[in-house]
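Welcome! Let us take a friendly tour of the charged side chains in this structure and see how they pair up.

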Amino acid sequence: MATHHTKVLIIGSGAAGLTAAIYAARANLKPILLAGLQPGGQLTITTDVENFPGFPDGVQGPELMERMQAQAERVGTEVIYDLITEVDFSKRPFRCVSDSGDEYFGETVIISTGATARWLDIPSEVEYRGFGVSACATCDAFFFRGKDVAIVGGGNTAVEEAIFLTNHASSVTLIHRRDSLRAERVMQDHLFANPKVKVIWDSVVDEVKGSESPKSVTGLRLRNVNTGETSEIDVAGLFVAIGHTPNTAMFKDVLDMDAEGYLITKPDSTATNVPGVFAAGDVQDHIFRQAITAAGTGCMAAIEADRFLVDHGKIA
Ligand code: NDP
């Protein structure tokens, strides 16, 4: 078991963490970045990113993250493929322990652990996860070529994924619990114009139906939330796109968070309630949740960590 020391310890390797690393490394702070469970973060499970500035023809999510990591390493970041499971922020340097048992000490810590896709959490959904139930259309759409599928959710993700699914599936039924979508109007227009898409309003999935051999989804039982009426549809796949939960479990009772578990940062700052601990990206942003805003707050966190180190006599 090894012990690592750094002025800036960055937990998480999505757009926020890697941008923080680029800035911290360029400030000569020799950051260590822990890549975590999903190196590259959520953008590694998307395809086309068309709204990240500087890529007029779009860029693939995984490629964008590889480029960010290459840039972070080139300017002096040490990227370690390890997962922090325990933190002690009661004194400086802050101590973090990974699942390999290694100890990491940081004079400052930048938390950029992101958020994870939410599930419906009904028993039949849990049973068929990986057997026709998925939370990532861009990862799994290919398996549903020529089949009928459904997607749950009314936000930008659900609409974007529904449209993406039409490239593979023969039909896509979007199921939403209300009578209007929260997705951007322009995306809704694309959705409604697509002949392969059907929308079922005011409804939730009560049960995922399936067969045992081979284990697969065969349909859904839906319930209209206004009338209570139930109905069934035949589909081979169910995609769940109902938002995200911030990855903050290990900071419970240590850092201030809101009711949904997002870390609370000071206004116009990435500072948490523990001086020297900063939070950037989706872990502290439940409003914008974009790659570019995550990168922006990552930049802020690195600059604030640098200032903190200067103020505390850790660098000249
Ligand atoms: P959102 O939180 O925006 O939407 C979640 C959707 O799921 C809502 O329609 C919500 O319904 C529904 N929902 C939540 N819980 C349940 C449940 N238990 N059962 C049924 N339905 C449920 O999440 P998204 O992932 O869509 O988007 C997150 C953020 O990322 C947003 O800010 C979005 O704009 C952004 N984004 C931007 C993209 C882009 O710019 N290209 C692409 C994808 C995402 P209700 O509406 O009733 O609350």
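In this predicted model, Lys314 and Glu107 form a salt bridge, with their closest N and O atoms 3.8 Å apart. Where do the two partners sit? Lys314 belongs to the segment after helix H7 (291-311), while Glu107 is part of strand S8 (residues 103-111), so this pair ties together parts that are 207 residues apart in sequence. Their surroundings can be described too: Lys314 has 42% relative accessibility and counts as partly exposed, whereas Glu107, at 18% relative accessibility, counts as buried.

This pair has company, as a search of the whole structure finds ten salt bridges. Among them is the one between Asp206 and Arg223, where N and O are 3.0 Å apart. Here distant parts of the chain are linked: Asp206 lies in strand S14 (residues 203-212) and Arg223 in strand S15 (residues 215-224), 17 residues apart. Asp206 counts as partly exposed at 24% relative accessibility, and Arg223 counts as partly exposed at 31%.

Asp121 and Arg129 also meet in a salt bridge. Asp121, with 55% relative accessibility, counts as exposed, but Arg129, with 26%, counts as partly exposed.

Here are the three pairs with their distances:

| Salt bridge | Closest N and O atoms |
|---|---|
| Lys314 and Glu107 | 3.8 Å |
| Asp121 and Arg129 | 3.0 Å |
| Asp206 and Arg223 | 3.0 Å |

Which residues are linked in a network of salt bridges? They are Glu207, Lys209, Arg221 and Glu232.

Methods: Residues numbered from 1 in each chain as written. Predicted model: local features only at pLDDT ≥ 70, side-chain atom pairs only at ≥ 80, totals over all residues. Heavy atoms only, no water. Salt bridge = Lys/Arg side-chain N within 4 Å of Asp/Glu carboxyl O. Helix = DSSP H or I, 4+ residues; strand = E, 2+ residues; numbered from the N terminus. Buried < 20%, exposed > 50% of the residue type's maximum accessible area, 1.4 Å probe, protein only.
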